Amino acid sequence: DPSVPVKMGMKVKKKADRGKNWETESLGIRKDGKAFPIWLTTSYLFDEEGRIKSAIGISRDITQEEAVEERLFYMAQLLESAAYCIISTDPKGIIKSINKAGEKMFGYRAEELIGKHVSIIQAPSVPIKLRMKLKKKADRGKNWETESLGIRKDGKSFPIWLTTSYLFDEEGRIKSAIGISRD
């Protein structure tokens, strides 16, 4: 819509006329005439009578940030549309996310699982030896895979193949776990 820059310019001018601080994403133009995305903010300094004395503008090239955001959006879409169940948890096993395949596999909506412990989808009949072995690996952040039993919202148990990997922070502590499973 060609009127967008004009509308944005009018909105910014109104704020500037009132001395109201503002920020926006916009386009900068390089010396060679090429446009590039920028983040721009403007603040105002006033004299003793409250009149605008000067303006301070700060801008930042956000080309890299847009590329990262686009990549993250692409990865999120990829995970959401994957054929296997993908679940992320915090270090204590609290579910942070689950994709559509996981919702279908376990019969829950994501909202029903997020914030709950991952044990909600583990069948109680999983042998205690297996649970202890997997907990030891999880405590050390060691990736693992196994056959196990899941449990659907309707209470029916079913066999699953499950693999779990861990993400670590800069100090080497577990930041989150990613579980991928299939029926």
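Guide: A pocket here is an open set of grid points with protein on both sides within 12 Å along at least five of seven lines, and a lining residue has an atom within 4 Å of a point. The model is predicted.

Visitor: What makes S88 and S97 lining residues of the second largest pocket?

Guide: A lining residue needs an atom within 4 Å of a pocket point. The second largest pocket has 12 such residues, and L79, I86, S88, S97 and I178 are the ones nearest its centre. S88 and S97 therefore count as lining. Two or more lining residues come from each of α2 (63–81), β4, β5 and β8. The volume of this pocket is about 320 Å³.

Visitor: Which classes make up that lining?

Guide: The lining of the second largest pocket has 8 nonpolar, 3 polar and 1 charged residues. Ile and Leu count as nonpolar and Ser as polar, so L79, I86 and I178 belong to the nonpolar class and S88 and S97 to the polar class.

Visitor: Why are β4 and β5 called paired strands?

Guide: Two strands pair if at least two bridges are found between them. Strand β4 (residues 85–89) is joined to β5 by 3 bridges, so the condition is met. The two strands run antiparallel. S88 stands opposite S97 in β5, and T89 has I95 as its bridge partner. β4 and β5 form a hairpin with 5 residues between them. In the turn, G93 has a positive phi of about 90°.

Visitor: What makes β5 and β6 edge strands?

Guide: The open sheet has 5 strands in the order β5-β4-β8-β7-β6, with antiparallel pairing. β5 (95–98) and β6 (144–151) each have a single partner strand, so one side of each has no neighbour in the sheet. From one strand to the next the twist averages 30°. Helix α5 (residues 128–140) lies across β6, β7 (157–168) and β8 (174–182), at about 125° to β6.

Visitor: Where does the largest share of the lining of the largest pocket come from?

Guide: α5 gives that share, with 7 residues. The lining has 34 residues, and H117, V118, Q122, A138 and W144 lie nearest the centre of the largest pocket. Elements giving two or more residues are β4, α5, β6, β7 and β8. By class the lining divides into 20 nonpolar, 9 polar and 5 charged residues. The space in the largest pocket is about 820 Å³.

Visitor: How do you know that β1 and β2 pair?

Guide: At least two bridges are needed. β1 and strand β2 (residues 35–46) have 8 bridges, in the antiparallel sense, so they pass. W22, for one, stands opposite T42 in β2. These strands belong to an open sheet of 3 strands in the order β1-β2-β3. Its edge strands are β1 (22–29) and β3 (52–61), each pairing on one side only.

Visitor: Why is the contact of R30 and D61 called a salt bridge?

Guide: The cut-off is 4 Å between a side-chain nitrogen of Lys or Arg and a carboxyl oxygen of Asp or Glu. For R30 and D61 the distance from N to O is 3.4 Å, so the pair qualifies. R30 lies in the loop between β1 and β2 and D61 in strand β3, so the salt bridge ties together parts 31 residues apart in sequence. The whole structure has 10 salt bridges.

Note on methods: Residues numbered from 1 in each chain as written. Predicted model: local features only at pLDDT ≥ 70, side-chain atom pairs only at ≥ 80, totals over all residues. Heavy atoms only, no water. Helix = DSSP H or I, 4+ residues; strand = E, 2+ residues; numbered from the N terminus. Axes fitted to C-alpha atoms, helices over the stretch in contact; angles between N-to-C directions. Contact = heavy atoms within 4.5 Å. 1 Å grid on protein atoms, 1.4 Å probe; cavity = no way out; pocket = protein on both sides within 12 Å on 5 of 7 lines; lining within 4 Å. Points joined across faces, edges and corners; volume = space filled by probe spheres on them.
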